[in-house]
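Me: I have a model open and want to check the labels on its empty spaces and its core. Take me through the reasoning, please.

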Amino acid sequence: MLKSFRLRNLDVFPNTILSPMDGVTDAPFRRLCRVLSGNRMGLLVSEFVPTDGDAVFCLDGHKQLKFFPEERPFGVQIFGRFPDKMAAAAKKIAENLHPEFIEVNAGCPAPKVAGKGSGSGLLRDLPRLQEILHDVRAALDSSSVDIPLTLKCRIGWDDQSINVMETLKIAEGEGVEMLTVHGRTRLQGYNGLANWEWIGKVAAAAKIPVIGNGDVNSVAVARERIETYGVSGVSIGRGAMHNPWIFGQIADAWEGKPAHEITAMEALDVFPLYYKFKLEDGSTEMGALGRLKQLGARLCKGFCQEGCGDEVGMHVRQTLLTAQTPQEFFERLEVLRNGVVKSMCFDPNRLINLNGAKETELKFGDQFAGR
């Protein structure tokens, strides 16, 4: 079974990527995952960076571009529908920030993105996607820093227009050096299960590394996906929100180390560390509290106590989520630490429901077709 892959001259171990998620995987969350993994993360990628809105792309105008040295190897993901703007942004990012790679987003399903023809909207306009990849690759080739170009896409717009094989052909023809495939259509959003059969078909046909994305939430699932579908690695998004230790757990397994059992106390220790990283990133205290609650809403579902069903875990969750200030949050955290959590365990395997609400249609107007 593959345990690493190469992106040009970079040996990536373990063969995992933290999927970029807007409003989640900022520098503090990425740093948190890296610390919990024992610095064995594979690749990290920025939250996606918009390029359409600027007459001249300005680095200072995009907080998503901020990253810390310990995050390397690090890639910057950009999105947009104008090839010239995408190319200009890629060149400026490469020359000024020197990331290990630049990634084009053709996967975001958000209406405000896909409905304007960027993100997964590009899957309805493959000639435009090809033009973007061509121009971005040319811009990187003409820059002072020659770095790989990668692409992330979905398998298609809907079940009647699955075109991921065509996307692969275009990507390889335009010099893309890694393709990450999210095994859902745009219309699925995050509902239902990812179609790994299509991911496997892409991996079998590809001459470049193909990374599979969708529903990977444990070491066992990561192993099964790599072995069964022949992908070079896996990209993990919502699974990391439920279990930010997952990358270290995979690295331990690939290195033949015994599985590390996360204690309930250890799970609680995540919150002060995450809060510290948020403040170091320039967040306000209340802004940081919002992110603590975002993480707690998912993480606390893993707290359990034998013979008590979900009630005790829900108590921990509600205790933290109803705190009104950071001080109150950490006071409650200490009460939990000295009380009920002493008799609890943390079981990430309980966190199996990653899916969001189903969206059945996307309405878009003239701006989708226009250039």
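Me: What makes the largest cavity a cavity, and what is its volume?

Reply: The model is predicted. The largest cavity has a volume of about 40 Å³. It is called a cavity because a 1.4 Å probe fits there but cannot get out. The search of the whole structure finds 1 cavity of 30 Å³ or more.

Me: Which residues line the largest cavity?

Reply: Among them are I17, P20, V45, F101, E103 and K152. M178, T180 and S235 also belong to the lining. The elements giving two or more residues are β7 (101-106) and β9 (176-185). By class, 5 lining residues are nonpolar, 2 polar and 2 charged.

Me: Why is the second largest pocket called a pocket rather than a cavity?

Reply: A pocket is an open set of points, whereas a probe in a cavity cannot get out, so the two names exclude each other. About 360 Å³ of space lies in this second largest pocket. Its lining has 19 residues, with Q249, A259, H260, P348 and N349 nearest the centre. Helix α9 gives the largest share, 3 residues.

Me: What makes the 94 residues a nonpolar core?

Reply: They count as one core because they are buried residues of the nonpolar types, joined through side-chain atoms within 4.5 Å. L151, V181, F271 and F303 have the most contacts inside it. Helix α4 (residues 126-142) supplies the largest share, 6 residues. Apart from this core lies another, of 9 residues, among them V12, I17, V45 and F101.

Notes
Residues numbered from 1 in each chain as written. Predicted model: local features only at pLDDT ≥ 70, side-chain atom pairs only at ≥ 80, totals over all residues. Heavy atoms only, no water. Buried < 20%, exposed > 50% of the residue type's maximum accessible area, 1.4 Å probe, protein only. Helix = DSSP H or I, 4+ residues; strand = E, 2+ residues; numbered from the N terminus. 1 Å grid on protein atoms, 1.4 Å probe; cavity = no way out; pocket = protein on both sides within 12 Å on 5 of 7 lines; lining within 4 Å. Points joined across faces, edges and corners; volume = space filled by probe spheres on them. Nonpolar A, V, L, I, M, F, W, Y, C, P; charged D, E, K, R; others polar.
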